[in-house]
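Please look through the sequence and the model below. The paragraphs after them explain how the parts are arranged.

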Amino acid sequence: MDHQLRVVLLEDEIQVRGYIQSLLESLGCAVNSLEPVDAVQICSATAAADLLLMDTTLPGIDVAGVLLKLRQTRPELNVVLLLPANNQSGFLAAAREGVYDVLPKPFLKHQLDAILRRVLDRVLSTRLQTSSSTIIRENLGNGTFFLAATPAMKKIYDQAAAIAHADIPVLITG
């Protein structure tokens, strides 16, 4: 299973877009960075995406219209809006439009990291629920998971669970 987030980035400022794209790529995301386009092209570009990271001040783009169209065609898509930090009404409007999260501009790298971890957790949970109910998934914290889908990995998990509460040294090989 692929654990890489597929991100569509919509930002009209070239330098800001380049910076955000390099941040996302350094965090292991596959990024499709777009020039400002229309709602139909945005919906098409997000067909295989896990996350749409979109500036709210794109010239010529009706952000509310794009969000409405995405809610109709891709309700499971995680949308994070880049919003000017002083735009309180924008935060409320985003919540009403079903946006997953809002990232105030300017933002710090750790804020983007936190959002990406939450989105990845949500995406992995959704993928696991739809792929198989027999997969073992344990959240180990800090965005780390133990996943077991094959019979061999499930056996290892069961063995580790059986001795997990014992206070003895254990060596696992293989």
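**A walk through the fold**

Strand E1 is mostly covered, with 4 of its 5 residues buried. Buried here stands for under 20% relative accessible area, exposed for over 50%, and partly exposed for what lies in between, with a 1.4 Å probe and protein chains only. The model is a predicted one, in which local features need pLDDT of at least 70 and side-chain atom pairs count only at pLDDT 80 or more, while totals for chains, interfaces and linings use all residues. Residues are numbered from 1 along each chain as its sequence is written, and side-chain values use heavy atoms, with hydrogens and water left out.

The protein has 6 helices and 7 strands. Both kinds of element are DSSP runs numbered from the N terminus, helices being H or I over at least four residues and strands E over at least two. Read from the N terminus, the order of the elements is β-α-β-α-β-α-β-α-β-α-β-β-α. Of the 174 residues in the protein, 34% are buried. The protein exposes about 10100 Å², and carbon and sulfur atoms supply 56% of this area. Accessible areas come from the Shrake-Rupley method with a 1.4 Å probe, and for residues only the protein chains shown count as cover.

How are the strands of the sheet ordered? An open sheet is formed by 5 strands in the order E2-E1-E3-E4-E5, with parallel pairing. Strand E2 (30-34) and strand E5 (101-105) stand at the edges with a single partner strand each, so one side of each has no neighbour in the sheet. From one strand to the next, the twist averages 20°. Two strands count as paired if DSSP finds at least two bridges between them.

Two of these pairings can be followed residue by residue. E1 and E2 pair in the parallel sense over 5 bridges, and Arg6 has Ala30 as its bridge partner in E2. Strand E4 (residues 78-84) pairs with E5, also in the parallel sense, over 5 bridges. There, Leu81 has Val102 in E5 as its bridge partner.

Next come the helices that lie on the sheet. Helix H1 (residues 14-26) lies across strand E1 (6-10), E2, strand E3 (51-55) and E4, and runs at about 170° to E2. Helix H3 (residues 63-73) lies across E3 and E4, at about 170° to E3. For these angles, axes are lines fitted to C-alpha atoms, for helices over the stretch in contact, and the angles run from 0 to 180 degrees between N-to-C directions. Contact means heavy atoms within 4.5 Å. Among contacts in the protein between residues at least 6 apart in sequence, 56% join residues at least 24 apart.

Which residues of H3 are buried? They are Val63, Val66, Leu67 and Leu70. These residues lie on the same side of H3 because they cover an arc of only 100° around the axis. The arc is taken from the directions that lead from the helix axis to the C-beta atoms. An α-helix has 3.6 residues a turn, so residues three or four places apart point the same way.

The charged side chains add further links. The whole structure contains 7 salt bridges, a salt bridge being a side-chain nitrogen of Lys or Arg within 4 Å of a carboxyl oxygen of Asp or Glu. In one of them, Glu11 pairs with Lys105, and the closest N and O atoms are 3.1 Å apart. This pair links distant parts of the chain, with Glu11 in the loop between E1 and H1 and Lys105 in strand E5, 94 residues apart. Both Glu11 and Lys105 are buried. A network of salt bridges links Glu11, Glu13, Asp55 and Lys105.

Strand E5 also holds one end of another salt bridge, in which the side chains of Arg118 and Asp101 meet at 2.3 Å, N to O. Arg118 lies in helix H5 (residues 109-131) and Asp101 in strand E5, so the pair ties together parts that are 17 residues apart in sequence. Arg118 is partly exposed, at a relative accessible area of 39%, whereas Asp101 is buried at 18%.

Arg74 and Glu76 form a salt bridge as well, with the closest N and O atoms 2.6 Å apart. Arg74 is buried, with a relative accessible area of 13%, while Glu76 counts as partly exposed at 46% relative accessibility.
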